[in-house]
Amino acid sequence: MKLSTNEITIINGTTFPTLATMNADGTPHLIVTGKAEIVGEDLVFGIGGMVKTQENLLKNSNAWMTFTDAQPKGIRVAGTAKAVDGKLIFTPSEAAALN
């Protein structure tokens, strides 16, 4: 999915994005990530100690993120994620404004 200029502006203006993955029991697992690096159509984050997040993504790659900048404007982004070489790679499939 190609992000719009407005979505990229919000992502770049967000210091602490939130990532949600799904626990085995169906409950959400929420964490705060560092700033996103946009690489092609992916959002890349350092993975740090995201042990539970990595475990969840091995079982279910669906993930959701929220980004809010200082305006405040925000977007909700759905997609898939995976852990590769110490980085979290999030591939958006849908984005919508937060209401």
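These are my notebook entries on what I looked up in this predicted model.

**Confidence**

I began with the confidence values, and found a mean pLDDT of 93 for the chain, with 99% of its residues reaching 70 or more. Among the elements of the chain, β1 has the highest mean pLDDT, at 97, and α1 the lowest, at 94.

**The core**

I then asked which residues have the most contacts inside the largest nonpolar core. That core has 19 residues, and the ones I noted for their contacts inside it are Ile11, Leu19, Leu43, Phe45, Phe67, Leu88 and Phe90. At least two residues of this core come from each of α1 (5–12), β4 (42–46), β5 (62–68), β6 (74–84) and β7 (87–97). I set beside this the general tendency of nonpolar side chains in soluble globular proteins to be buried together.

I followed Phe67 further and, leaving aside its neighbours within four places in sequence, listed its contacts, among them Ile10, Ile11, Leu43, Phe45, Ile75 and Val77. The contact list of Phe67 also includes Thr14, Lys73 and Gly74.

**Strand β5 and its partners**

Next I went along β5 to see which side chains point to which face. Ala63, Met65 and Phe67 point to one face and are buried, whereas Asn62, Trp64, Thr66 and Thr68 point to the other and are not buried. I recalled here that in a regular strand the side chains alternate between the two faces of the sheet.

For the pairing, I found β5 antiparallel to β1 over three bridges, with Leu19 standing opposite Met65 in β5. β5 also pairs with β6 in the antiparallel sense, over seven bridges, and in that pair Trp64 stands opposite Ala78 in β6. A hairpin through five residues joins β5 to β6.

**Three loop residues**

I looked up Pro72 in the loop between β5 and β6, and asked whether it is buried or exposed. Pro72 has a relative accessibility of 73%, and because the cut-off for exposed is over 50%, Pro72 counts as exposed. From Pro72 to Val32 I noted 18 Å, C-alpha to C-alpha, for two residues that are 40 apart in sequence.

Asp85, in the loop between β6 and β7, caught my attention with a positive phi of about 50°, although it is not a glycine. For background, most residues other than glycine have a negative phi. Asp85 is exposed, with a relative accessible area of 78%.

Asn23 lies in the loop between β1 (18–22) and β2 (28–32), yet I found it buried, since its relative accessible area is 15% and the cut-off for buried is under 20%. Leaving aside neighbours within four places in sequence, Asn23 is in contact with Pro28, His29, Lys52 and Asn56.

**Helix α2**

Asn56 led me to helix α2 (residues 51–59), where Thr53, Asn56 and Leu57 are buried. Why do the buried residues line one face of the helix? Seen down the axis of α2, they fall within an arc of 100°, and so they line one face. The face turned away from the buried side of α2 carries the exposed residues Val51, Leu58 and Lys59. Last, I checked what the buried residues of α2 pack against, and recorded β1, β2, β5, β6 and β7.

Notes: Residues numbered from 1 in each chain as written. Predicted model: local features only at pLDDT ≥ 70, side-chain atom pairs only at ≥ 80, totals over all residues. Heavy atoms only, no water. Helix = DSSP H or I, 4+ residues; strand = E, 2+ residues; numbered from the N terminus. Buried < 20%, exposed > 50% of the residue type's maximum accessible area, 1.4 Å probe, protein only. Contact = heavy atoms within 4.5 Å. Core = buried A, V, L, I, M, F, W, Y, C linked by side-chain atoms within 4.5 Å. pLDDT = per-residue confidence, 0-100. Pairing = 2+ DSSP bridges. Arc of directions from axis to C-beta.
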